[in-house]
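Dear colleague,

Please find below the structure that I am handing over to you. My findings follow directly after it.

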Amino acid sequence: EYRLIITEFDNSDSNQELSILTDTLPNAFVGVDYYCQLSATGGLLPYYWMTSNLPNGLEFEPAYGIIYGTPLKDEETSVLITLSDAALSQTKKDYVL
């Protein structure tokens, strides 16, 4: 015997263009724990985040768009964030961290 459960999923933003809402990243300081969750709107869930060029000591969680860790060096870095959705739409945004 099998049981099938159907759940309605509200993806009402899916008609909107995929967009990263986070305007700037909080400052990071050497030796101080850092945490930032990026936010987005539009597109088709789920989202998948990617990043390049994070400062040493920081890591990235691509399923949730979270930058975390403890910076190891005093440096200003240009960080590129790329967001993709289930419809394979993509948007990018540059930040300074």
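**Findings: backbone and core**

The model is a predicted one. I begin with Asn53, which sits in the loop between S4 and strand S5 (58-61). The phi angle of Asn53 is near 70 degrees, a positive value in a residue other than glycine.

A positive phi, of about 70 degrees, also occurs at Leu88, again not a glycine. Leu88 belongs to the loop that runs between strand S7 (78-84) and strand S8 (90-96). With a relative accessible area of 75%, Leu88 counts as exposed, because the cut-off for that class is over 50%.

The peptide bond between Leu45 and Pro46 is cis, with omega at about 5 degrees. Pro46 is located in the loop between strand S3 (40-41) and strand S4 (48-52).

Turning to the interior, the largest nonpolar core comprises 17 residues. The members that touch the most other members are Leu25, Tyr34, Leu38, Trp49, Phe60, Ile67 and Ile81. At least two residues of this core come from each of strand S2 (34-37), S5 and S7. The greatest contribution is that of S7, which gives three residues. In soluble globular proteins, nonpolar side chains tend to be buried together.

Ile81 merits a separate entry. Leaving aside residues up to four places away in sequence, Ile81 is in contact with Ile20, Leu38, Trp49, Met50, Thr51, Phe60, Ile67, Thr91, Lys92, Lys93 and Tyr95. Among these partners, Leu38, Trp49, Phe60 and Ile67 are also listed above as core members that touch the most others.

Yours sincerely

Technical notes. Residues are numbered from 1 along each chain as its sequence is written. This is a predicted model: local features need pLDDT of at least 70, side-chain atom pairs count only at pLDDT 80 or more; totals for chains, interfaces and linings use all residues. Side-chain values use heavy atoms; hydrogens and water are left out. Helices (H or I, at least four residues) and strands (E, at least two) are DSSP runs, numbered from the N terminus. Buried means under 20% relative accessible area, exposed over 50%, partly exposed in between (1.4 Å probe, protein chains only). A nonpolar core is a set of buried Ala, Val, Leu, Ile, Met, Phe, Trp, Tyr and Cys residues joined through side-chain atoms within 4.5 Å. Contact means heavy atoms within 4.5 Å.
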